[in-house]
Amino acid sequence: ARSGSTFLMELLLSQKGIKSCSEPFNLRRPWARRESGLNSWEDLLPNPERERKIKNYFTRIKNGEIPAFNTPPFTPHHQFFTNRIVFKILHGGEDIIPFFRKTFQGQIIFLMRHPVPVTLSRESFPRLELFLKNDIFRSSLSPQQIAVSEEVIKKGDHLEKGIVAWCLQNFPALSDPDIKNWLVLSYEELVMNPVPVVETIIRNFDFDRPDLMLKAVQRPSDTVYKSD
């Protein structure tokens, strides 16, 4: 969250044949909980039912069976004919990215942004305490990492808690050997040096209109109001 993911998604939506699915794991939305069967932030952490529910949920989205994810005609980014979907995934799944790649023949863009601006842009960290309460997730951390995290959760200020939340969220993905199969981007480079980044995206994903993507770089994303 607050990493520039909407900005990146809108760059991808500048290309022909792309449909968007924005934040399918945003469980603040009642219909997302209802349609996914994922009822709480805990359900997005490792558990025996998680992958089965996600597979069913994403398959239904892919088939156009969940109206909330169908972009209305004559609105920005709507296309009448599409053959690929951009899933902008926040709030979960960081530890099972290979599952998404293999199950849905997906191509992964992993976007990162420096933890300080991410933290200062966020109002809450709903999963912070849950990471350490999940036995499977906790088992992947060292005793030192657990001790530091628990100390910050107990006594830290907003910035310290946000940094730890950022670390716990990104740790599984950055430790995954499958990362060699992903395109890893930084928000800072995308903003400050867009031409080579756009060229890399175009080349990796078989797009053909870098001019449209570079034009989209000049527009603020739909969520820019949060940074006012």
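Modeller: A cavity is a set of points on a 1 Å grid over the protein atoms alone where a 1.4 Å probe fits but cannot get out. This predicted model counts local features at pLDDT of at least 70 and side-chain atom pairs at pLDDT 80 or more, while totals for chains, interfaces and linings use all residues. Residues are numbered from 1 along each chain as its sequence is written, and side-chain values use heavy atoms, leaving out hydrogens and water.

Colleague: How many cavities of 30 Å³ or more does the structure hold?

Modeller: Two. The largest has a volume of about 100 Å³, and the second largest holds about 40 Å³.

Colleague: Which residues line the largest cavity?

Modeller: Lining residues have an atom within 4 Å of a point. Here they are A1, W41, H91, R122, F125, P126, R127, L128, F131, A165 and Q169. Helices α6 (128–133) and α9 (158–174) each supply at least two of them. By class, seven are nonpolar, two polar and two charged.

Colleague: And what lines the second largest cavity?

Modeller: L44, L45, E94, D95, R127, F131, F137, L168, Q169 and P172 do. Helix α9 gives the most, with three residues. This lining has six nonpolar, one polar and three charged residues.

Colleague: What makes a space a pocket instead?

Modeller: A pocket is an open set, with protein on both sides within 12 Å along at least five of seven lines. The largest one has a volume of about 1,300 Å³. Among its 48 lining residues, F87, I89, Q107, I108 and I109 are the closest to its centre. Elements that each give at least two residues to this lining include α1 (5–12), β1 (18–22), α3 (50–62) and β2 (84–88). The lining divides into 25 nonpolar, 16 polar and seven charged residues.

Colleague: Let's turn to the helices. Why are α11 and α12 called oblique to each other?

Modeller: The axes of α11 (residues 194–205) and α12 (residues 210–217) come within 10 Å and cross at roughly 135°. Under 35 degrees would be roughly parallel, over 145 roughly antiparallel, and 65 to 115 roughly perpendicular, with the rest oblique. The angle of roughly 135° fits none of the named ranges, so the pair is oblique. Helix α11 also passes α12 in a right-handed crossing.

Colleague: Which residues meet where α11 and α12 touch?

Modeller: With contact meaning heavy atoms within 4.5 Å, P194, V195, V198, I201 and I202 of α11 meet P210, M213, L214 and V217 of α12. The residues of this contact are nine nonpolar, no polar and no charged.

Note on methods
Axes are lines fitted to C-alpha atoms, for helices over the stretch in contact, and angles run from 0 to 180 degrees between N-to-C directions. Helices (H or I, at least four residues) and strands (E, at least two) are DSSP runs, numbered from the N terminus. A crossing is left-handed if the near helix is turned anticlockwise from the far one by less than a right angle, and right-handed if clockwise. Ala, Val, Leu, Ile, Met, Phe, Trp, Tyr, Cys and Pro count as nonpolar, Asp, Glu, Lys and Arg as charged, and the others, Gly among them, as polar. Grid points are joined across faces, edges and corners, and a volume is the space filled by probe spheres set on the points.
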